[in-house]
Amino acid sequence: MGENNQAINPFANAKMPNLKSLLDGRSLFKESAPFHGELATLIAIDPNVGVAGLPQSATGQAMLLTGINISAELGYHYGPKPNPEVAAYLNDSLFSRFAKAGKKTALLNAYPPRYFDGIDSGKRLYSSIPLAVTNAGLNLFTQEDFLAGRALSADFTGDGWRTMLGFPDAPAMDAPQAGRKLATLAKEYDFALFEYWASDYAGHHQEMDKAVELMETFDKVLSGLLEEMNDEFLVLITSDHGNMEDLSTRRHTDADVPALAIGNKSARDEFTRDMKKITDIAPAIWRTVVNS
Ligand SMILES: [Zn+2]
């Protein structure tokens, strides 16, 4: 969550009516948190956890999934892919804890064949989230799952599968449909995660137009997701670190990140209680799921 500055922050330029309606007219700026509304709660989360240097994806995602202050224990932030020290923490994550507790859990992203080819050949390393999933004994969703409607494209709409990955007949969804699909899939699980990284890419490339377009698409995804909301369903939108909210730098930022919770108000209040830093999120997810 950055400054309200059109020169550097896509959130100051993107039209996001659905996000704004959740926040009573506010945008996702640092001054917008804390916010406790009728439809959503917004808390500012510290991803730096007292460790020097800028937060990075491997440690950030591993902290989101474990609740352990890994950056403090190791003395550094690390990324994008986990080194062996970070990877060691990912044997015990929300995915493995829920799987052991008999809860239904999944990562809803679909991965194309060339992703698995890269892993099998050793040319590609898992990032922290898919590593946590596979370490839990769960499968990553494949091309077959995507074509059968059991998983979602990382770009929401499936454009990338049709235009870049060589699947011209892959299912096409507009953004609101993708949001409804995401919600419908998530409802099949006690805990489901969807990972969206195009915003990080846009931040590294400092592309204002692209970032605005991504966030306007994201807002339409949100509209579809909101159509499917009910009291049984709590949504958290968060991030492992800042980046895109300040396009004056191609590096990550030390900005607070949002914990935006959508759903039943008393569930949101309980979920976001004492939530201040990235390591508070995994325990909150755990107690919400096991108590529901
Ligand atoms: Zn990055």
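Helices and strands are DSSP runs, numbered from the N terminus. In the predicted model described here, Asp274 is placed in the loop between α13 (265-271) and α14 (281-290). The backbone of Asp274 adopts a positive phi of about 60°, although the residue is not a glycine. Most residues other than glycine have a negative phi. With a relative accessible area of 53%, Asp274 is exposed.

A second non-glycine residue with this backbone feature is Phe156, whose phi is positive at about 75°. Phe156 belongs to the loop between α8 (143-147) and α9 (159-163). The relative accessibility of Phe156 is 3%, and the residue therefore counts as buried.

Two cis peptide bonds were also identified in loops. Most peptide bonds are trans. The bond from Ala33 to Pro34 is cis, with omega near 0°, and Pro34 is located in the loop between α1 (17-22) and β1 (35-36). The bond leading from Gly79 to Pro80 is likewise cis, here with omega near 5°. Pro80 is part of the loop that lies between α3 (70-74) and α4, the latter helix comprising residues 84-89.

The zinc site was examined next. The protein donors of the zinc ion are two OD atoms of Asp200, together with NE2 of His204 and NE2 of His252, at 2.1 to 2.5 Å from the ion. Along the chain, these donors follow the spacing D-x3-H-x47-H. Asp200 and His204 both lie in helix α11 (residues 198-205), and because they are 4 residues apart there, about one helical turn separates them. The angles subtended by the 4 donor atoms around the zinc ion range from 56 to 144°, which makes the arrangement irregular. For a tetrahedral assignment of four donors, all angles would have to lie between 85 and 135 degrees. Ideal angles at a metal are 109.5 degrees for four tetrahedral donors. Of the donor residues, His204 is partly exposed, with a relative accessible area of 32%.

The loop between β4 and α11 contains Trp197. At 42% relative accessibility, Trp197 counts as partly exposed. Trp197 and Asp155 are 42 residues apart in sequence, and their C-alpha atoms are 8.5 Å apart in space. When neighbours within four places in sequence are left aside, Trp197 is in contact with Asn109 and Ala154.

Helix α12 (residues 208-227) includes Met215, a buried residue with a relative accessible area of 5%. Met215 and Ala14 are separated by 201 residues in sequence, whereas their C-alpha atoms are 6.4 Å apart. Ala14 is also one of the residues that Met215 touches, residues up to four places away in sequence not being counted; the others are Phe11, Met16, Tyr196, Ser199 and Met244.

Two further helices, α2 and α7, were considered as a packed pair. Helix α2 (residues 57-66) and helix α7 (residues 128-135) pack at an angle of about 45°, and their axes are 8 Å apart. The two helices are therefore oblique to each other. On the side of α2, the contact is made by Ala58, Gln61, Ala62 and Leu65, and on the side of α7 by Ser128, Ile129 and Ala132. Classified by residue type, this contact comprises 5 nonpolar and 2 polar residues, with no charged residues.

Burial was then assessed for each helix of the pair. In α2, 10 of the 10 residues are buried, so the helix is largely enclosed by the rest of the structure. The buried residues of α2 include Ser57, Thr59, Gly60, Met63, Leu64 and Thr66, as well as the contact residues Ala58, Gln61, Ala62 and Leu65. The elements covering the buried residues of α2 include α3, α4, α5, α7, β4 and α14. Just after α2, Gly67 takes a positive phi of about 75°.

Helix α7 is also largely enclosed by the rest of the structure, since 6 of its 8 residues are buried. These buried residues are Ser128, Ile129, Pro130, Leu131, Ala132 and Val133. Their cover includes α2, α4, α5 (94-100), β3 (105-107), α6 (113-121) and β4 (191-193). Gly137, with a positive phi near 80°, follows α7.

Terms used:
Residues numbered from 1 in each chain as written. Predicted model: local features only at pLDDT ≥ 70, side-chain atom pairs only at ≥ 80, totals over all residues. Heavy atoms only, no water. Donors = N, O, S within 2.8 Å, 3.2 Å for Na, K, Ca; no water. Tetrahedral: all angles 85-135°; square planar, octahedral: opposite > 155°, others 65-115°. Buried < 20%, exposed > 50% of the residue type's maximum accessible area, 1.4 Å probe, protein only. Axes fitted to C-alpha atoms, helices over the stretch in contact; angles between N-to-C directions. Parallel < 35°, antiparallel > 145°, perpendicular 65-115°, else oblique. Contact = heavy atoms within 4.5 Å. Nonpolar A, V, L, I, M, F, W, Y, C, P; charged D, E, K, R; others polar.
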